[in-house]
Structure formats: structure tokens, C-alpha cells
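Trainee: Could you help me take a close look at one part of this model? I would like to follow a single chain and the places where its surroundings touch it.

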Amino acid sequence: MNLTLKIWRQKSAQDKGQIVEYKVKDISDHMSFLEMLDVLNESLVAKDEEPIAFDHDCREGICGTCSLHINGEAHGPDRLITTCQLHMRTFKDGDTIFIEPFRSKAFPIIKDLMVDRSALDRIQQAGGYISVNTSGNSQDANAIPISKPNADESMDAAACIGCGACVASCKNASAMLFVSAKVSQYALLPQGRIEAKDRVTNMIKQMDKEGFGNCTNTGACEMECPKGISLNNIARLNREYLVASI
Amino acid sequence: MGYFSSSVGRKFFMALTGLFLVVFLLVHLIANLTLFGGPDAFNAASHFMGTNPLIQIMQPVLALGFVAHIIMGIILEYKNMISRPIGYIKNNANANSKWTSRNMIVTGLMIFAFLFLHIINYFIPFKTTEIHNHYEFVVELFKNPIYTFIYVIAFILLGMHLMHGFQSSLTTTGIRNRKYQKCIEQMGVAYSIIIAIGFSSIALWFYFVN
């Protein structure tokens, strides 16, 4: 298929940036979206032009590195997938596709479509862990009984890959879905209860410091999340934070 | 007061004032529905609302609740706007969220503008002048097609605001889980429709029937 791409190009964080139009020909519908961009980049390199910078790593939907706001949606129009899992068969021959970086004050642009998402790492570092002895004499994890529903919900929350699609989709550029998943995965387990209050307090503090917006429960994050993280986690985060503050 | 200076705390404050206004609207609607009972019923209800000590105590609290909800709403919206200084050229927001949920500030500010008109129309005359027949006063106003139109539009906007606000405020206060969320959402829709249709029906009834 032949496509018209309207891609955000920006030389550096300081550069103003603009949309540049590219035409790509003979794209196979079996390709992933990133492979389509690889084809474009190869043609740009062949013409001695600067290739388009975009984030990617595992290309199998588990690392959370790829991003892109495609035709107005984070990771494109499909549900429960990352951009590397988005197939070109989702589009039609002759389509025009807008490709923009994830937009948020907390995600400064590095170059073209690459943004700095280390704000999410700093939130994680502020409390997204449990303090356990790992010197070789830690107890067997299975020795602590955990109810099946709690284990399942914790696992669902832990599926978050920290890609930032929630921030990109939110009209307020809020990171609440991400933070709520990271808080929930521990809050639901006995091992996580010990540091629960400090965890939620410190993670919210860091989230606010990074410049993310306030959650208004629009649900856009839940819809665009490649891992289907539920808004119920946000309610849990609100409960955890309220209890921790009393 | 670290809690209320955080984003989550401010949202909680927004939700609490919102839920307080949700309760107020229901009380207001019940009082207004007595208009269908004729002059005696409404005048009695109006007298009760004007003299009952609890209602009198709640009036300044209500005013404060409105002001707090509006000011906090504007503060939060401003913070949200600066959280994305450069927007998307193409943004397909309808694919992932409802218009009503994204435009709370729009419906909210329009309801705020209506609130001014409403206070000038009713609250000030009722409080400052010696009107004994409140029923006549209400009926008189809804003879005006422009007022009737503005009121009905305001109630539709209010319904849209509540459609998101009801369930959103409960989520913010932590009341949401897999089991009850469907039920909460349906209650929110029912409540919003009751408020919008309840208030509108009064304006339309007196315009068309009387």
C-alpha cells in the first residue's frame, strides 16, 4: 500500500519543530508500524537525509519503549497493543497518517518522535519497591498466603510497562494510571503493605513535582493502555493516599 | 495540610464539594416539584425553605460549597492546561473518552453563568423583597420564552456535567471497584436525567401550559 505520512520533526529539545510530509510506497500490510518507519528511514538514509528518530526496543509489546501518537491516539487506533504490535493492515491504501510524539510537559522532546520519559522512572524510584533482604536467606515467597483475587489484581496492575500512553492520551497529561498501577501491584500484597503509606505519599509527591496534570477520570488512559490497566486502580490509589494522609 | 496541596487531595476536595452540590440539587428539585401541586403547595415549600433553621444554616455553607467547587475547578483546569504546553495536531479524543468528561470546565462555567442569572431572578427578590406569593412569581418568569429557553439549556448542561461528575467524584473519593462500578455509572446516568428533566419539565410546563 502507498501512504502519506505527516511526521513531527524536531532537531533538538530547543528546536521549534514542525510536521513534515513523506510518501511511502509498496508497504506490506504484514509489516508492523515500526517496520514501516524503518523502510522510510532506509530511504531517507539512501537520500543522505537525516532519519526519523523514534523509540523502540523489544518489538514484541513487553518493554514499553515504543511510543508515538498515531492519527490522534497513543500507539495508534488498535486496542491493547503497543506501536510495535500495530500492523499496517489496520490502515488502507492511500491513507494519510499523522505521527506525533507523546505530548506532556513532563515528557520533553529529545529529538523528532523521541521523548524523555524518565519522569516515570523517578516516580518509580520514589516508592515503587519493597525492601526485602536479598542476601540469599530471603524466605520463600509462597510461604505467605495470598488470596487468588488479590494475586490476580496485583498481577493485572503489574502488567504496566510504563510506556506513558496514559499520559499521552489524558487531556490533562496526568500520570495517575501509571502511578496507580505501580502502587496497586504492591498495595494488594502483604509484602507491600509494610511500606504502603510511605510508598503512595512519596510517589504522589514525585508525580506532582514532575509536572503531570490532575486526573479527571475521563477514562482515556484505560482505553489507550496497551496492557488494559483498569481505572479501578486509580480509585485504589485515591483510597491509599487518603488513608496514608489521615 | 499537605494532603490538600497535592493533586490527589485537590481532586478529593473537588469531589467532596461536587457530591455536596449533588445532594443540594436533589433537595432543590424536590422543593421545586411542589410547583406542580399548585400555589398552596409551592408557597408552603418556599416558606419552609425560607424559614427552616437547618436550611438557613446550610445556605452560607452551600454558597461556600459553590465558590470552592468553582475556584478549585478553575485552578485544576489551569494546572491541567499547562501540563501539556504543546498540543497534538491530530487528536482523536472521541475514540477514548466522552465529550462530557473532557469538557467539565465548559459545562461548569456555563452553569456558573446561569447561576448568576438564577440568583438575580429568584434568590435576591425572595430574600430582599416582600413577595408573599412565590408561586405567582415563578409562573410569571416562565411566561418569558427567553428565560424559559435559557433555563432549559442550563438544565441540559447541568445534566451533562453531572453525567460525568457523579461517577467521577465517587472514583476520586475511592468508591469504585470491579463489582459496583456498573451500578454506580447507571445511578449517575439516572440521577443526571432526573435532574435535567425534572427542572426542565417545570420551566416547559409553565411556559406551554399556563
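Mentor: Gladly! Let me begin with a definition: a helix here is a DSSP run of H or I with at least four residues, a strand is a run of E with at least two, and both are numbered from the N terminus. Please keep in mind that this is a predicted model.

With that in hand, meet the partner chain. Reading along the sequence of chain B gives the pattern α-α-α-α-α-α-α-α-α, and the tally is 9 helices and 0 strands. Measured out along its principal axes, to use the everyday phrase, the C-alpha trace of chain B spans about 55 × 40 × 35 Å.

Now for chain A, our main subject. Its domain assignment gives two parts: domain 1 covers residues 3-111, and domain 2 covers 117-245. Taken over C-alpha atoms, the centres of these two domains of chain A are 28 Å apart.

Let's stop at a sheet in chain A. Five strands form it, in the order E2-E1-E5-E3-E4; the sheet is open and its pairing is mixed. Its edges are strand E2 (18-24) and strand E4 (73-74), each of which pairs on one side only. Inside that order, strand E3 (residues 69-70) runs antiparallel to strand E5 (residues 96-100), and the two are joined over 2 bridges. You can find one partnership by eye: His69(A) has Glu100(A) in E5(A) as its bridge partner.

Next, see how the two domains of chain A meet. From domain 1, 23 residues are in contact with 21 residues of domain 2. Together the two domains bury about 1,600 Å² between them, with 56% of that area on carbon and sulfur atoms. On the domain 1 side, Leu80(A), Ala106(A) and Phe107(A) supply 32% of the area buried against domain 2, more than any other three residues. There are also 5 residue pairs in polar contact between the domains, and 2 salt bridges. Sorted by class, the domain 1 residues that touch domain 2 are 9 nonpolar, 9 polar and 5 charged.

One salt bridge deserves a closer look. The side chains of Asp55(A) and Arg117(A) meet at 3.3 Å, N to O. Over all chains, the count comes to 16 salt bridges. Asp55(A) sits in the loop between helix H1 (33-46) and E3, while Arg117(A) sits in the loop between strand E7 (114-115) and helix H2 (118-127), so this pair ties together parts of chain A that are 62 residues apart in sequence.

Finally, let's turn outward to chain B. Here 47 residues of chain A are in contact with 36 residues of chain B. The two chains bury about 3,500 Å² between them, 51% of it on carbon and sulfur atoms. Within chain A, the residues that lose the most area to chain B are Arg103(A), Lys171(A) and Asn214(A), together 18% of what that side buries.

Polar links cross this interface too. Chain A and chain B share 3 salt bridges; in one that you can look up, Asp156(A) joins Arg178(B), with the closest N and O atoms 3.8 Å apart. Across the interface there are also 29 residue pairs in polar contact. Several elements of chain A supply at least two residues each to the side that touches chain B: E5, helix H3 (148-158), helix H4 (165-169), helix H7 (196-209), helix H8 (220-224) and helix H9 (232-245). The largest share, 7 residues, comes from H9(A). By class, this side of chain A has 20 nonpolar, 16 polar and 11 charged residues.

Conventions. Residues are numbered from 1 along each chain as its sequence is written. Chains are lettered from A and ligands numbered from 1 in the order in which they are written. This is a predicted model: local features need pLDDT of at least 70, side-chain atom pairs count only at pLDDT 80 or more; totals for chains, interfaces and linings use all residues. Side-chain values use heavy atoms; hydrogens and water are left out. Domain bounds come from an automatic or database domain assignment. Contact means heavy atoms within 4.5 Å. Buried area is the accessible area (1.4 Å probe) that two parts lose on being put together, summed over both. A salt bridge is a side-chain nitrogen of Lys or Arg within 4 Å of a carboxyl oxygen of Asp or Glu. A polar contact is a pair of N or O atoms within 3.5 Å; within protein, one must be able to donate a hydrogen and the other to accept it, and residues adjacent in sequence count only if both atoms are side-chain atoms. Ala, Val, Leu, Ile, Met, Phe, Trp, Tyr, Cys and Pro count as nonpolar, Asp, Glu, Lys and Arg as charged, and the others, Gly among them, as polar. Two strands pair if DSSP finds at least two bridges between them.
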